[in-house]
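Please find below my notes on this model, set out as numbered points. They take up a strand pairing, the sheet around it and the surroundings of the ligand.

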Amino acid sequence: MRYRGITYMHILNKELLISYGWNRGFELDFIPFAEKGWIPGRILAHSRGNILAATERGELWCSVPGSFAQRMEAQELRYCTGDWIAIEPYPHGAGGRIWEILPRTTELKRHSAGEKSTSQALAVNIDTVFIVMGLDSNFNPARSERMLVLAWNSGAQPVVILNKADLVDDPQPFVERIEASSPGVPVAAVSAATGAGMEVVQEYLGPGHTGVFMGSSGVGKSTLLNSLAGTILRKTQTVRESDGRGRHTTSLRELFLVPGLGCIIDSPGIREVGLLSDADGLNSAFHDVIEEVEALAAECKFSDCAHAGEPGCAVAKALGDGTLSQERYQNYLKLKREMEYAASREYERLGREREKKWKDIAKFSRQFKKGKQDLH
Ligand SMILES: Nc1nc2c(ncn2[C@@H]2O[C@H](COP(=O)(O)OP(=O)(O)OP(=O)(O)O)[C@@H](O)[C@H]2O)c(=O)[nH]1
Ligand SMILES: [Mg+2]
Ligand SMILES: [Zn+2]
């Protein structure tokens, strides 16, 4: 009977994991770790080297062993909210150690500014990326295009949420403006404050699914979460009167389980949307522009026309008569240049690393030779 009791408990707890998005794929990846007696967990949040994970045993705080940290650094990998990890539970009491990160299904990443030209994961193992903008002074189509590039790169479904619809008389023109520049992306005007339109957001969530809110500070990401959860999970704060900007109220990327809707990751407002060197997202976000330019290029006078002022350029003509949107084309070129710059930075960094490696090898071989001489 006791055995049966345990099995029953096990099934119950597995259901808890499944509600957090656990599936057959992760289970297969986990087999070698299960054999070591480790347990799976999903990172809910992390701060200063402490990780809070959801596991079959409930929420556990995990520490990060030095050797694990070093191994991850060598792979340029950093654990992130939403990761499934292997935990060695402490034999007594709550808590454990993180030892592995399971392969991710999707990754929302941005180019992190700074000396090191690397990328930073904002959320992983997500199904939907909600790009949130406010229909107040935050509305900015160029910013949404930029965030869309990151969202397309992630592998998850992008959805644009125009929040604070209660602040405008008619949200429809705003929806159409964004729809025009985001082919293939659902766009919804909602109000987290009044609840209007929230059912559209719910359509892209569901048991076992994970969504993440991305957008500037003050657009109402935490308010959206609270509205979906029907309770205050997160603190919110009014935007500044002077310039309508948010106050960066949320500082921790945190995953919440919302009954019936799956998991939602509320993230801090992003100040910078640095693009990555990866071209896929840009190509998806602007596939209409790219296809149009390709078709037009066939009609340019010169077969190698760069569409930069050459005579008889069909692209210039289309931009002139409005068949091709000037604004959208310019934004595409701008983001493309930025992406190419990121790629060149990445290339330089790899070059520097290779150089350093050779220097280390040369140094080692000199020391080795010297050691040999000293022996004689
Ligand atoms: N009028 C109106 N105000 C809203 C709506 N949604 C959110 N707000 C207000 O906008 C302000 C900012 O909301 P937050 O939810 O804290 O914004 P956030 O995106 O989480 O901001 P950070 O955590 O700083 O990134 C708060 O005063 C909210 O009450 C809405 O639909 N309509
Ligand atoms: Mg917030
Ligand atoms: Zn041309």
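1. V129 stands opposite V212, a residue of β11. The two strands concerned, β8 (residues 128-134) and β11 (residues 210-214), run parallel and are joined by 4 bridges; please keep in mind that this, like everything that follows, is read from a predicted model.

2. The sheet itself is open and is formed by 6 strands in the order β10-β9-β8-β11-β13-β12, with mixed pairing. Its edges are β10 (187-189) and β12 (254-258), each of which pairs on one side only, and neighbouring strands are turned against each other by 25 degrees on average, with direction ignored.

3. Which residues come nearest to ligand 1? Of the 23 residues around the ligand, these are D166, S217, T223, T249 and T250. By class, the shell has 15 polar, 5 nonpolar and 3 charged residues, and helix α7 (residues 221-229) contributes the largest share of the shell, namely 3 residues.

4. Several polar contacts deserve a check by eye, and in each case the ligand partner is an oxygen atom. One such atom of ligand 1 lies 2.9 Å from a polar backbone atom of G218, whereas on the side-chain side an oxygen atom of ligand 1 is 3.0 Å from an N or O atom of S222, and an oxygen atom of the ligand is 3.3 Å from an N or O atom in the side chain of S191.

5. As for the cover of the ligand, ligand 1 taken alone exposes 650 Å², of which the protein buries 88%.

Key: Residues are numbered from 1 along each chain as its sequence is written. Chains are lettered from A and ligands numbered from 1 in the order in which they are written. This is a predicted model: local features need pLDDT of at least 70, side-chain atom pairs count only at pLDDT 80 or more; totals for chains, interfaces and linings use all residues. Side-chain values use heavy atoms; hydrogens and water are left out. Two strands pair if DSSP finds at least two bridges between them. Axes are lines fitted to C-alpha atoms, for helices over the stretch in contact, and angles run from 0 to 180 degrees between N-to-C directions. A residue is near a molecule or strand if one of its heavy atoms lies within 4 Å of it. A polar contact is a pair of N or O atoms within 3.5 Å; within protein, one must be able to donate a hydrogen and the other to accept it, and residues adjacent in sequence count only if both atoms are side-chain atoms. Accessible areas come from the Shrake-Rupley method with a 1.4 Å probe; for residues, only the protein chains shown count as cover. Ala, Val, Leu, Ile, Met, Phe, Trp, Tyr, Cys and Pro count as nonpolar, Asp, Glu, Lys and Arg as charged, and the others, Gly among them, as polar.
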